[in-house]
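Trainee: Got a minute to go through this one with me? I have some short questions.
Mentor: Go ahead, put it up.

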Amino acid sequence: MEKPFEYRRRPLSHQELENIARTDPKRAKRIIINRKSALRAKEKKKLYTCELEQRFQKLKSEAAQASLQFNLLQMEQKSLINENSMLKDHTKLTKQMIELQESKKDVMRKEIKFYQHFVPTQMCGTVGGNMVNNLIPVWVNNSSMAATQGLTLLHPVGQLSNQTRLPGPQPLRQ
């Protein structure tokens with residue numbers, strides 16, 4: 001005898017279903033309803049699978065775009081890091097140059113102050129053709145102050161033996 005809920009491997013043929021419908025109409029109706037339900041489930045599964053494949057393709061393209069954008073941003077970051085490094089180096093050099101200029105200014109200020117206090121009382125030479133009294137010490141040659149004023153140095157005794165014109169200011173050496 002056949003069991004009513006026996007699991008079958010192969011689907012019932014149309015003729016077998018008609019035979020069952022004559023003997024047990026409720027069972028045949030249930031089999032037909034189950035077949036329709038299975039067909040709907042298959043369609044639903046196909047639709048879901050298709051939607052998943054579309055989502056997968058969309059996410060895959062978004063991932064490729066994101067990866068490309070990430071690579072571009074990494075290259076931009078490297079470029080900005082290099083530029084930042086170059087600007088830092090430039091800033092460092094500029095600061096060093098400013099410090100050097102400031103130190104030169106300080107040296108010049110000290111030299112000017114020195115000449116303003118001590119040299120006027122010890123100068124000897126001509127300014128614009130007029131004689132200036134007193135002596136210029138030997139260690140003053142090459143001084144920027146005397147050169148900028150156009151002084152002509154004389155020998156300490158007042159003789160014109162070595163009349164020389166002072167050269168312009170010399171660059172400072174550190």
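Trainee: Which residues make up the largest nonpolar core?
Mentor: Leu12, Leu17, Ile20, Ala28 and Ile31, 5 residues in all. Helices H1 and H2 each supply at least two residues of this core. Bear in mind that this is a predicted model.

Trainee: What does Ile31 touch, leaving out residues up to four places away in sequence?
Mentor: Ile31 is in contact with Leu12, Leu17 and Ile20. Those three also belong to the core I listed.

Trainee: And which residues of H2 are buried?
Mentor: Arg27, Ala28, Ile31 and Tyr115. H2 itself covers residues 25-117.

Trainee: How does the end-to-end distance of H2 fit with its residue count?
Mentor: The two agree. H2 has 93 residues, and at 1.5 Å a residue the expected span is 138 Å, while the C-alpha atoms at its ends lie 132 Å apart.

Trainee: Back to H1 for a second. Where does Glu16 sit, in which helix?
Mentor: Glu16 is in helix H1, which runs over 14-23.

Trainee: Buried, exposed or in between?
Mentor: Glu16 has a relative accessible area of 23%, so it is partly exposed. The cut-off for buried is under 20%.

Trainee: How far is Glu16 from Ala28 in space?
Mentor: Their C-alpha atoms are 9.8 Å apart, with the two positions 12 residues apart in sequence numbering. Ala28 is one of the buried residues of H2.

Trainee: Changing topic: charges. How many salt bridges does a search of the whole structure find?
Mentor: It finds 2. Side chains of opposite charge can pair when their charged atoms come close.

Trainee: Which residues are in them?
Mentor: One joins the side chains of Glu102 and Lys105, at 3.9 Å from N to O. The other joins Asp106 and Arg109, where the closest N and O atoms are 3.2 Å apart.

Trainee: 3.9 Å from N to O for Glu102 and Lys105. Why does that count as a salt bridge?
Mentor: Because the cut-off is within 4 Å, nitrogen to carboxyl oxygen.

Trainee: Where do the pairs sit in the fold?
Mentor: Glu102 and Lys105 both lie in H2, 3 residues apart, which is about one turn of the helix. Asp106 and Arg109 are likewise both in H2, 3 residues apart.

Trainee: Why do Glu102 and Lys105 count as partly exposed?
Mentor: Glu102 is at 36% relative accessibility, and Lys105 is at 42%. Partly exposed is what lies between under 20% for buried and over 50% for exposed, so both values fall in that range.

Trainee: What about Asp106 and Arg109?
Mentor: Both are partly exposed: Asp106 has 36% relative accessible area, and Arg109 has 48%.

Trainee: Now the surface. Which residues form a nonpolar patch?
Mentor: Leu68, Leu72 and Met75, with about 330 Å² of accessible area together. Met75 is in H2 and counts as exposed, at 56% relative accessibility.

Trainee: How much area does the whole protein expose?
Mentor: About 15100 Å², and carbon and sulfur atoms supply 58% of it. Of the 174 residues, 14% are buried.

Trainee: Last one: what is the overall secondary structure?
Mentor: 3 helices and 4 strands, arranged along the sequence as α-α-β-β-α-β-β. Among contacts with a separation of 6 or more, 34% are between residues 24 or more positions apart.

Terms used:
Residues numbered from 1 in each chain as written. Predicted model: local features only at pLDDT ≥ 70, side-chain atom pairs only at ≥ 80, totals over all residues. Heavy atoms only, no water. Patch = residues over 30% accessible without salt bridge, like charges linked within 9 Å, V, L, I, M, F, W, Y side chains within 5 Å. Areas by Shrake-Rupley, 256 points an atom, 1.4 Å probe, with all protein chains shown as cover. Buried < 20%, exposed > 50% of the residue type's maximum accessible area, 1.4 Å probe, protein only. Expected span 1.5 Å × (residues − 1). Core = buried A, V, L, I, M, F, W, Y, C linked by side-chain atoms within 4.5 Å. Contact = heavy atoms within 4.5 Å.
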